[in-house]
Amino acid sequence: MHLSTHNWMRAEPLEVTLRRIKKYGYESIEISGEPAQYEVTETRRLLKEHGIRCWGAVTLTLGERNLAAKDEGQRARSVDYVKSVLTMVSELEGEIITLVPATVGKVVPDATEEEEWGWVVEATKECFAHAQKVGVKVAIEPLNRFETYFFNRAAQALALADAVHPDCGVCLDAYHLNMEEANIHDAIRLAGKRLFDFHVADNNRFAAGLGHLEWPKIVNTLREIGYDGALTNEFVAPVDRTPAAIYPHMVERNPVDISPEQLKFIQDHGSSLLTEAFYDDQMRITAETLLPLIK
């Protein structure tokens, strides 16, 4: 196992992110799934310069991106988007994409269960065929019920993976597992060899170590099933707007270099743009919590 991180949680130049995570002992990055933001040659140069490899990317399934959409054209455009993320990861010599099939934040279905399942299976099969062509693994991720109605548990993600291809896997996220599973460790064991990626945030979605999740036990369970991939940091700190705020200086009041879509995505996750000092601290705490457990 090794320590990785997403970078969608704060808008900052990739070089700044890479310098920060190298300092704290991260080995790789699961890059934001926005291929237009990353010119391949320059991104590869920066990764090499900072000694960080691309583990993969996460699909930012927001806006009109939705493999479960009723509209055929919308589904086709969503498939094209996923393919573009797969191509980017391949060009960056990464290994995996984390695929969220339905729009994050959409909690009302477009059609019947049977119709939507058929659409998603068909669309994911097309994405998976492209993944095989470019040599990248696909890991399907379940989110909690407040972020998607489509599926929320490991068994459901495995059902989609099974319907797509025996080599299709799943990604689990400790934060979502804590909300949706009767037992976190049983869910990890159920995924077994099909677990291709594991995202980390504590039960309160702060950095690992700032909540009540038992990280030594979680890491031991991952080791028990033979998992040897990344623990990918994905804290999304909820903003406290009351006088009881523990971190009064966590919100960036003068954001720069962030698109309205990315800011909305962060805000839809219950957060806001974090200050550099607060963000840096969350990166450090995650590393200090997990590195002793996986080294």
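## The barrel

Eight strands close into a barrel in this predicted model. Their order is E1-E2-E3-E4-E5-E6-E7-E8, and the pairing is parallel. From one strand to the next, the twist averages 30°.

Helix H3, covering residues 72-91, packs on this sheet. You will find H3 touching four strands: E2 (28-33), E3 (53-59), E4 (96-99) and E5 (137-140). The direction of H3 makes about 175° with that of E3.

## A look at E7 and E8

For a closer view of one strand pair, follow E7 (residues 195-200) alongside E8 (residues 230-233). These two strands run parallel and are joined by three bridges. Within this pairing, phenylalanine 198 stands opposite leucine 231 in E8.

## The annotated domain

UniProt, in an unreviewed entry, places a domain called "Xylose isomerase-like TIM barrel" at residues 18-242. In the model, that span is 42% helix and 16% strand. The C-alpha atoms at its two ends lie 33 Å apart.

## The second largest pocket

If you are curious about open space, the second largest pocket has a volume of about 160 Å³. Its lining consists of 13 residues, and those nearest the pocket centre are Lys137, Leu195, Phe196, Tyr227 and Asp228.

What is the make-up of the lining of this second largest pocket? Six of its residues are nonpolar, three are polar and four are charged.

How values were computed. Residues are numbered from 1 along each chain as its sequence is written. This is a predicted model: local features need pLDDT of at least 70, side-chain atom pairs count only at pLDDT 80 or more; totals for chains, interfaces and linings use all residues. Side-chain values use heavy atoms; hydrogens and water are left out. Two strands pair if DSSP finds at least two bridges between them. Axes are lines fitted to C-alpha atoms, for helices over the stretch in contact, and angles run from 0 to 180 degrees between N-to-C directions. Contact means heavy atoms within 4.5 Å. UniProt positions are given in the numbering used here, feature names are shortened, and annotations may be inferred rather than shown by experiment. On a 1 Å grid over the protein atoms alone, a cavity is a set of points where a 1.4 Å probe fits but cannot get out, and a pocket is an open set with protein on both sides within 12 Å along at least five of seven lines; lining residues have an atom within 4 Å of a point. Grid points are joined across faces, edges and corners, and a volume is the space filled by probe spheres set on the points. Ala, Val, Leu, Ile, Met, Phe, Trp, Tyr, Cys and Pro count as nonpolar, Asp, Glu, Lys and Arg as charged, and the others, Gly among them, as polar.
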